[in-house]
Amino acid sequence: MRLPAILLAVLTLVCIATVWDPAAGRTSWFLEVGPGLAGIAVLIFTHRRFPMSNWVYVCVFIHTLILIYGGYYTYAETPLGNWAKETFHLSRNHYDRIGHFALGFFPGFIIREVLLRRTPLVRGGWLFFIVVSIALAIGAFWELVEWWTTLVVAGDVGQAFLGSQGDIWDAQWDMFLAMVGAMVALAFFSRAHDRSMATLATLPEPRS
C-alpha cells in the first residue's frame, strides 16, 4: 500500500506548512481541517483490518486539501473564490459551495465502499439511494455543527466558520450541494471506483 503512505506524507507536510501561520488564524484552521484529520485518523487506525481502495485514499487526500485551503483563508476569503467573484461578477465568494459539494462527493465513495463490502447491499438503485441519503444526512449534520460552533466560538472566528456571507438560504444550499455531490460521484465515477476496489484481495468479485 505505497500510495496511501505517499499521500499521507504529502498531506502531513501540507498541514505543517499551513498550520504554522494561517491567514485566518489557527483556531479557524483547526475548526475547518480538524474533522478531516479525525477522519484520516480513523482510516489509519482501521487500515490493517479494513484497508480501503486507492480510489478512496485519493479522494480523502483531495478533500482534505480543499478543507486546508478553506481553513487557511476562511471559505469567504479564499483567493480562488475572490478571483471567481470578480471575474464572473458574482454576488459572493462561492468557495464554500465547492466545499459542501465536496462534502457529498468524496465521502460518498467511502460510504459506498463500506456498504458494498460489509453489508448485503448490491449495486443498483437501493445502494444509490442509501449512499445519497447518508451524504445528505452528513451535510445536514455539518450545518448543525456550524450552528453549535457559532454558539461556542463567538466573534469573527465563529462567523467565518459559519460562512453564510449574509445568505439566508446558505444552510439549505449547503445541504443540497452535498446531496448533489454524492449523486454526481455515483452517477459518473462508480465504475472507476469498482475497478479500484477490485484490486483489493479482501473484496469479493463485483456482483451485477
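Begin with the cysteines: this predicted model holds 0 disulfides. Select Cys15, which counts as buried because its relative accessibility is 12%. Then select Cys59, where the corresponding value is 6%, so that Cys59 also counts as buried. The cut-off behind both assignments is a relative accessible area under 20%.

**The whole chain**

Return to the full chain and colour it by secondary structure. The display should show 8 helices and 0 strands, and a reading along the sequence gives the pattern α-α-α-α-α-α-α-α. Switch next to a surface representation. The accessible surface of the chain comes to about 11500 Å², and carbon and sulfur atoms account for 71% of that area. Of the 208 residues, 43% count as buried. A contact map offers a further view: among contacts between residues at least 6 apart in sequence, 73% join residues at least 24 apart.

**Helix H5**

Select residues 95-118, which form helix H5. How many residues does H5 have, and what does it reach from its first C-alpha to its last? H5 has 24 residues and reaches 35 Å between those two atoms, close to the 34 Å expected at 1.5 Å a residue. Centre the view on Gly108, where H5 bends by about 30°. With the surface shown again, H5 appears mostly covered, as 19 of its 24 residues are buried.

**The salt bridges around Arg92 and Asp170**

The chain contains 7 salt bridges. Select Arg92 first, together with Asp96. These two residues form a salt bridge, and their closest N and O atoms are 2.5 Å apart. Are Arg92 and Asp96 buried or exposed? Both are buried.

Keep Arg92 selected and add Asp170. The side chains of Arg92 and Asp170 meet in a second salt bridge of the tour, with an N to O distance of 3.5 Å. Arg92 lies in the loop between helix H4 (79-87) and helix H5, while Asp170 belongs to helix H8 (residues 170-198), so this pair ties together parts that are 78 residues apart in sequence. Asp170 is buried, as is Arg92.

Now add Arg97, whose side chain also meets that of Asp170 in a salt bridge, at 3.0 Å from N to O. Because Arg97 lies in helix H5 and Asp170 in helix H8, the pair ties together parts that are 73 residues apart in sequence. Arg97 and Asp170 are both buried. To complete the selection, include Asp174: salt bridges that share partners join Arg92, Asp96, Arg97, Asp170 and Asp174 into one network.

**Thr78**

The last stop is Thr78, placed in the loop between helix H3 (54-73) and helix H4. Why does Thr78 count as buried? Thr78 has a relative accessible area of 0% and is therefore buried. Display the residues in contact with Thr78, leaving aside its neighbours within four places in sequence. The residues to show are Tyr69, Gly70, Tyr73, Asn93 and Tyr95. Of these contacts, Tyr95 also belongs to the range of helix H5, 95-118.

Notes:
Residues numbered from 1 in each chain as written. Predicted model: local features only at pLDDT ≥ 70, side-chain atom pairs only at ≥ 80, totals over all residues. Heavy atoms only, no water. Salt bridge = Lys/Arg side-chain N within 4 Å of Asp/Glu carboxyl O. Buried < 20%, exposed > 50% of the residue type's maximum accessible area, 1.4 Å probe, protein only. Helix = DSSP H or I, 4+ residues; strand = E, 2+ residues; numbered from the N terminus. Disulfide = S-S within 2.5 Å. Contact = heavy atoms within 4.5 Å. Areas by Shrake-Rupley, 256 points an atom, 1.4 Å probe, with all protein chains shown as cover. Expected span 1.5 Å × (residues − 1). Bend = angle between axes of the 7 residues up to and from the residue.
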